[in-house]
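Subject: Model for your files

Dear colleague,

Here is the structure I said I would pass on. My notes on it follow below.

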Amino acid sequence: MEAFVVRGAPTFLHSSSFLFRSPSSFSSATRRSWVSFSSLPSLSRACLRRLHRFQQGTLPSRFISYGNRNLCMALQSDASSVVEAPLKGNELFLRTMISGMEKVYLSRNPTAKAILELVRKDDGEHICYDHFAFRTFGVDGHGIDSMAKIFLYFGYKPREELRFPAKKLRALWFAPPSTGYSENGTGVDGALPRIFISELLVDQLSHESQEVIRKYIKTSDSGYEHAALASTMGCLTWEKPLYSDYQLLSRESEYAAWTLVNGYALNHVTISTHRLKSHLRKIDSFNQFIHANGFKLNSEGGILKVSPDGLLLQSSTVADTISFKFADGVTEYVACSYIEFAERLLLPEYKNIPDEEAQEFHRRDGFEVGNADKIFESTSRDQVTRKAA
């Protein structure tokens with residue numbers, strides 16, 4: 001599929017408990033103290049008003065708002081920068097938010113949870129997240145900007161724009177603040193992840209699909225203002241969809257259907273394999289380890305996705321599925337999320353640096369559209385229903 005780069009909770013969680021991490025318990029030792037919020041429904045307008053009041057009392061009072069034009073201008077002005085911006089705002093708040101997103105993600109994706117546990121058992125507490133990825137509807141404020149603004153506030157910087165014409169998608173990735181490259185800590189307590197946010201170009205879909213998406217966006221009202229909060233709570237900001245609407249979108253865009261039922265939930269997290277300490281640091285060995293433990297890997301374009309320069313190596317599992325009860329009473333299994341793995345090799349000018357001395361800035365940065373195009377397929381019906389080799 002053609003793609004290029006421009007340089008320059010869901011309602012199915014209603015029966016489960018979501019755990020918010022208590023800020024007073026957050027520390028580098030990763031203590032586990034949580035406040036429980038049970039039976040969270042999709043967000044109604046009344047719920048959104050309450051959440052807005054909640055946000056006003058907890059979020060920093062100031063947001064940096066980037067429209068598409070301003071965001072791209074910022075991207076172009078920063079594209080050649082080699083010095084990351086410092087972290088702004090309260091790091092504890094940022095990490096608590098990211099931890100909440102991870103908690104929702106793990107609660108609904110047993111494959112990801114099991115793989116993380118296996119890696120910790122084999123490699124110890126050396127897991128670093130390369131990036132977190134989100135999907136959005138690029139219409140009426142619900143696109144990339146809706147999720148990006150909270151990260152921009154804390155000092156994340158927009159980098160490259162990627163386009164996927166065949167899938168009718170665009171994406172931006174954001175580099176973490178300079179303190180995010182700390183070598184201390186593990187998981188959400190370690191190096192801050194890059195952020196990868198994509199959006200569906202709704203205006204390019206058929207009239208029927210546009211009508212369906214806009215119908216639900218209308219019920220969300222200004223729900224895009226609460227994108228990050230919805231992600232940490234596992235809620236939709238629009239009404240629970242009808243099965244017939246889900247089917248209609250599935251026939252034209254599996255990305256659209258996925259976003260309709262998953263909303264702003266984490267689409268995937270990515271383990272940075274080169275930051276591991278055991279033999280698993282090499283992604284070929286990592287893939288063999290995953291396969292040997294009975295997990296199915298995305299085979300689109302081959303198990304290992306390699307950038308043209310050979311310096312970015314990626315693979316992923318296929319998405320888990322979960323039972324979803326639609327608004328019209330139909331219950332169906334739908335694709336949820338998956339987990340990805342990435343190895344970033346040393347740049348040519350640093351190729352003689354010993355691995356144990358190499359830092360993240362010595363390695364290939366950014367993303368590759370060819371790789372990402374195939375990784376998107378991890379939630380496709382073909383991959384989800386494919387029998388493991």
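Which residue follows helix 5, and what is the sign of its phi? The residue is Gly-155, and its phi is positive, near 105°. Please keep in mind throughout that this is a predicted model.

Helices 5 and 9

Helix 5 covers residues 144-153, and because 10 of its 10 residues are buried, it is largely enclosed by the rest of the structure. The buried set includes the charged residues Asp-145 and Lys-149, along with Phe-151 and Tyr-153.

Helix 9, residues 254-262, is mostly covered, with eight of its nine residues buried. Among the buried ones are Tyr-255, Trp-258, Leu-260 and Asn-262. After helix 9 comes Gly-263, which has a positive phi near 60°.

Positive phi outside glycine

Most residues other than glycine have a negative phi. Two residues here are worth a look on that account.

Lys-168 has a phi near 60°, a positive value, and is not a glycine. Its place is the loop that joins strand 5 (157-164) to strand 6 (169-175). With a relative accessible area of 25%, Lys-168 counts as partly exposed, because that value falls between the 20% and 50% cut-offs.

Asp-221 also has a positive phi, about 60°, without being a glycine. This residue sits in the loop between helix 6 (207-220) and helix 7 (227-233). Asp-221 is partly exposed as well, at a relative accessible area of 47%.

Arg-363

Arg-363 is found in the loop running from strand 13 (338-344) to helix 11 (369-375). Is this arginine buried or exposed? Its relative accessibility is 7%, so Arg-363 counts as buried. Leaving aside residues up to four places away in sequence, Arg-363 touches two other arginines, Arg-281 and Arg-344, as well as His-274 and Asp-355. The remaining contacts of Arg-363 are Leu-345, Leu-346, Leu-347 and Ala-358.

Cysteines

How many disulfides does a search of the whole structure find? The search finds zero. Two cysteines can be noted for their low accessibility: Cys-128 is buried at 5% relative accessibility, and Cys-235 is buried at 1%. Both values lie under the 20% cut-off, so both residues are classed as buried.

That is what I have on this model.

Regards

Key
Residues are numbered from 1 along each chain as its sequence is written. This is a predicted model: local features need pLDDT of at least 70, side-chain atom pairs count only at pLDDT 80 or more; totals for chains, interfaces and linings use all residues. Side-chain values use heavy atoms; hydrogens and water are left out. A disulfide is a pair of cysteine sulfur atoms within 2.5 Å. Buried means under 20% relative accessible area, exposed over 50%, partly exposed in between (1.4 Å probe, protein chains only). Helices (H or I, at least four residues) and strands (E, at least two) are DSSP runs, numbered from the N terminus. Contact means heavy atoms within 4.5 Å.
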